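Dear colleague,

Please find below the structure that I am handing over to you. A summary of what was found in it follows.

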Amino acid sequence: MGALRSPIPTGSGSDRRLGAAAGFVGFLFAMELSSGFLQAWFSPVLSAIGEKYSVGPADLNWVQTSYLLATAVLVPVLAKMGDQYGHKRMLVVATAMVTVGSVVSALAPTYGIFILGRAITGALAAFLPLEFAIVRERAGEQSGKAIGLLVGGLTLGASVGVVLSGVLASFLNLTVLLLVPAALMAIALVVVVFFVPETTARTSGRLDWAGAILLGAGLAFALFAISTGNRFGWTSGPVLGGLLLGGTLLALWVVLERRVSSPLVDFAMLSGRAGVGLPILLAALFGAQLFGSQTPIALFVGTDPAAAGFGLGLSSSLIGLVLVFASIAAFAGTFAGPRLGARVGDITAVIVGAVTAALGYALLTVLHSDTVSVLVWLVVSGLGNGIIISALPNVVVARAPRDSVGIASGLYNSARTVAGAIAGASFTAVMSGFTATLDGGSVITSEAGYQAVWVICGLLSLAVAGLAVVTRGPAADRTAPTVTAVAPAEA
């Protein structure tokens, strides 16, 4: 059985190690910028997509739903394969898939092929889990700051991408516009092939394909039901069937994983205060707050106060600008998080970020009558969320076994995505319970509906802080792999 090679060259000095880490982390940062661009690129041009393919608003939901369903299947598989066959190798595969999918969507002659391209780009969500594993092994003591930088790059890319896409849509036709992220992904593919190092830690055994299929299919059916609940009705056959089938498949997955010799997810890795189970639950609570709040905030600031008696009445471009300020604050938080974590610990940094976010939501609930107030409170909550975004992955990466960082990070990403989808659907249901009728007879969500959402988001943030207190404690020794590691040539 081959011995593991040292993940960081010895005898080169701390300055040389830092310089090498800064080099490849810089390339990964550029990849996350491109990833953020692509994730935010489609939102401003949904109406143009509908016009090109002659589809209505309901069918346009599949632009995002198809991507989410694909991530549920692809992320755990790619992340686990990274642990077994090399994280750089699977990052190359994921980047190639996203590049192909982006080109397919840009050049699609029909809406069905366009959606197929979007589904292929679901591999994008595997970028961060694979990069986290590379950073943990290759950046050494700089891994905390490097992870903060990567999630900051993703946040910044999404912030710039949503604005740039809207601006370029006025000058470019849709095909050319959608080829822009495809070109960025092609460049990113070259970058990862030539400038990103490979990891050495490997898990042994074959990939648990049965477990991968059950987990991916279970998450996909559940996400389908959640994403289409408001369209078909929560008591409709497709939604109830999707929830039942998804829950059944996930239950079978748990049973299977406890019996096979080389499971997709080792449940021993999740258990106990020192495992990654509690941080992944933290990620779910955080994802519900982070992703669930975005649409209600955008709707509120766009509501005309002259007609509704509340809201800011901002135009589409100004709504984007307000949301960009919150994203910039989150980007600043991703730089503050690692530095705060280095001083007081990552768990404490998560607590500080969660309390800060809760404060922002509390103030937004009671003081939201003018643009300045709303902007300030969104910046406060955005700063807190940015700290969590950068600090929480460090907790997952530090507690995961060295040969299972990929799948642990993949579960972290999946937990945020699934919880965000659940929160989005739940918040829509909450808002539909608080309505007001305008003079013209149209029915809208009342001010109390938005306040209820912000109160829930504040409580979710406080729940993150409370669970983080429980999570705090000495982490288990995760330097040794859960199973015998082998050298890359023997994987």
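**Overall architecture**

The protein has 20 helices and 2 strands. Please note that this is a predicted model, and every value in this message was computed from it. Of the 491 residues in the protein, 52% are buried. Among the contacts with a separation of 6 or more, 81% are between residues 24 or more positions apart.

**Aromatic residues**

A search of the whole structure gives 13 aromatic pairs. One of them is formed by F27 and F195, whose ring centres lie 4.6 Å apart. The planes of these two rings meet at 20°, which is under the 30 degrees cut-off, so the pair counts as stacked. F27 belongs to helix α1 (residues 14-41) and F195 to helix α9 (residues 174-195), so the pair ties together parts that are 168 residues apart in sequence. Are these two residues buried or exposed? F27 counts as partly exposed because its relative accessibility is 30%, a value between the limits of 20% and 50%. F195, at 43% relative accessibility, also counts as partly exposed.

Ring pairs also link F42, Y53, Y111 and F114 into a cluster. One member of this cluster, F42, has a charged neighbour: the charged end of R118 sits over the ring of F42, at 4.2 Å from the ring centre.

**Surroundings of S105**

S105 is located in helix α5, which covers residues 87-107. With a relative accessible area of 1%, S105 is under the 20% cut-off and is therefore buried. Which residues is S105 in contact with, leaving aside its neighbours within four places in sequence? They are Y53, F114, G117, R118 and L178. Of these contacts, Y53 and F114 belong to the ring cluster described above, while R118 is the residue whose charged end sits over the ring of F42.

**The second largest pocket**

The second largest pocket holds about 300 Å³ of space. Its lining consists of 14 residues, and I280, L281, A284, L411 and A415 lie nearest the centre of the pocket. The elements that contribute two or more residues to this lining are α10 (209-232), α12 (267-270), α13 (277-292) and α19 (405-432). Of the elements, α19 gives the most, with 5 residues. By class, the lining of the second largest pocket comprises 12 nonpolar residues and 2 polar residues, with no charged residues.

With kind regards

Note on methods. Residues numbered from 1 in each chain as written. Predicted model: local features only at pLDDT ≥ 70, side-chain atom pairs only at ≥ 80, totals over all residues. Heavy atoms only, no water. Helix = DSSP H or I, 4+ residues; strand = E, 2+ residues; numbered from the N terminus. Buried < 20%, exposed > 50% of the residue type's maximum accessible area, 1.4 Å probe, protein only. Contact = heavy atoms within 4.5 Å. 1 Å grid on protein atoms, 1.4 Å probe; cavity = no way out; pocket = protein on both sides within 12 Å on 5 of 7 lines; lining within 4 Å. Points joined across faces, edges and corners; volume = space filled by probe spheres on them. Nonpolar A, V, L, I, M, F, W, Y, C, P; charged D, E, K, R; others polar. Phe/Tyr/Trp six-rings, centres within 6.5 Å; stacked < 30°, edge-to-face > 60°. Lys NZ or Arg CZ within 6 Å of the ring centre and 35° of its normal.
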